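Trainee: I should like to go through the labels attached to this structure and ask what each one rests on.

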Amino acid sequence: MQPEEVDAARDAALAAIAAASDLEDLKRVRTEHAGDRSPLALANREIGALPPQARKEAGQRVGQARGAVNQALAARQEVLEAEHEERILVEETVDVTLPTDRRPAGARHPITTGSELIADIFVAMGWEVAEGPVIEAEWLNFDALNLGADHPARTMQDTFWTAPEGSGVVLRTHTSPVQARTMLTRTPPIYVVCPGRVFRTDEYDATHSPMFHQVEGLAIDEGISMAHLKGTLDHFATQLFGEGITTRFRPSYFPFTEPSAEVDLRCFVCKGVDAASCRTCRGEGWIEWGGCGVVNPRVLTACGVDPERYTGFAFGMGIDRTLMFRHGLSDLRALFEGDIRFTTAFGSEL
Ligand code: PHE
C-alpha cells in the first residue's frame, strides 16, 4: 500500500468516526475501519512481505495510522456513551409526583354529606351540633325521656340490649337520649341538632334496617311554643327540598313530648297538586317524615331544667329516609351496601 493510500485510509477512518452518531453506528465504523478486514489491517499484513528498508517505514506509518484510528475510536466511544447515558436519564425519568388516574377516586358517603347538609341548615340559624354515644345507658335512652320500665311505648322501639341481661345498656334506639344528655350538661337557652346512628331489631329490607340514622333537634328557651317548632320544621323542609315544600302536623303520642305530632312533608314531586296520580306520595300529597312535639315537663324536670321557666320543642326524623326522598331511591339498602358507583353518584352532590 502506498503511503498516500495509508493516509487516505486513516483520514477516511477518522472522518467516519467523527460522523458516527451513536454507539451502534460507531460499532459499524469500528469493524469497517479497524476490523480484521479493514484497509489498515490489510496494509499491516502486507508489511511482512516488504524488503527490510521499506518494512520499517511502512511499519511506522501504518502503526501510527492505526494508533490514531484506535485513539479516535476510544474517544468517540466515550463521548457517545456519555450522551447515551444522559439521554436515558432524561427519557426514562419517572415523576413520582404526577397524578395518577389508575385507581377510581372514592367519594364521601351520601349519609355523611347528607348529615352535614342537615346540620348546616341548623348551624345557619345559630344552632349547635351535639353528639352522643351509640352505646347508651338505658336510663338516658328511656327513663329520662319519660319512658319508665313499664311504659307500654318501650315496646314500640325494638331494642338491642347488651349482655348480660339487666346490664342497663342498650344500642340507642333513637337520637333522643342526646336531648337528655344536652339538658343535663348545659343550661338553657339550648338549640342543638344531633345527627347520628341508631339501632332497632328490624328486618333488613327495602325500607327497614337494624341500623339507620336519625337527626334530632332540641330547642329549650323561655317562651318556646309549638309555633316555633312548626316554623323551624317548615324552614328545614324548604331548605332541603325547595320553595313551597313545607310540613303539616298530625296529632300523635310520644312520652317525651306533650303535645306530640307526626310531621309530614309536602310531597316534593307533585307538590300536592296532582296527588291522585303521584307515585311518590300515592295520592296523599304528603309524605311521613318524623315525630315532634313540645318537650314534656317531666323530661325537663328529669334532666334538671326548670319547667316553670323554660319550655322547649323537639323533633326527630330518619336521615336515610330523607335521603331516599331527595335522591329518588326506592331501596334503603343502597345506602348501606358500599357500592362505589352509588357513593360517587350521590355522595359528592348536595
Ligand atoms: N325519638 C322519636 C322516634 O325515634 C322521634 C321524636 C323525636 C319524636 C323528638 C318527638 C320528638 O320515634
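Mentor: Let us begin with a definition: a disulfide is a pair of cysteine sulfur atoms within 2.5 Å. This is a predicted model, in which local features need pLDDT of at least 70 and side-chain atom pairs count only at pLDDT 80 or more, while totals for chains, interfaces and linings use all residues. Residues are numbered from 1 along each chain as its sequence is written, and side-chain values use heavy atoms, with hydrogens and water left out.

Trainee: Why is cysteine 194 not counted as bonded to cysteine 303?

Mentor: The closest cysteine sulfur to that of cysteine 194 is in cysteine 303, at 14 Å, and because this is too far for a bond, the pair does not qualify. By this rule the count of disulfides is zero.

Trainee: What makes cysteine 194 and cysteine 303 buried or exposed?

Mentor: The scale is relative accessible area, taken with a 1.4 Å probe and protein chains only: buried is under 20%, exposed is over 50%, and partly exposed lies in between. Cysteine 194 has 2% relative accessibility and therefore counts as buried. Cysteine 303, at 1%, is therefore buried as well.

Trainee: Why is histidine 213 called buried?

Mentor: Its relative accessibility is 7%, so histidine 213 counts as buried. Histidine 213 lies in strand 5, residues 211-221; a strand here is a DSSP run of E with at least two residues, numbered from the N terminus. Leaving aside residues up to four places away in sequence, histidine 213 touches several residues, among them Ile111, Arg197, Met317 and Phe336, where contact means heavy atoms within 4.5 Å.

Trainee: How do you know that serine 176 makes a polar contact with the ligand?

Mentor: A polar contact with the ligand is a pair of N or O atoms within 3.5 Å. A side-chain N or O atom of serine 176 is 2.9 Å from a ligand nitrogen atom, which satisfies that limit. For histidine 174, the distance from a side-chain N or O atom to a ligand nitrogen atom is 3.0 Å. Arginine 200 has a side-chain N or O atom 2.9 Å from an oxygen atom of the ligand. Taken alone, the ligand exposes 320 Å², of which the protein buries 92%; these areas come from the Shrake-Rupley method with a 1.4 Å probe.

Trainee: Which element gives the largest share of the shell around the ligand?

Mentor: Strand 9 does, with three residues.

Note on methods:
Helix = DSSP H or I, 4+ residues; strand = E, 2+ residues; numbered from the N terminus. Polar contact = N/O pair within 3.5 Å; in protein donor to acceptor, adjacent residues only side chain to side chain.
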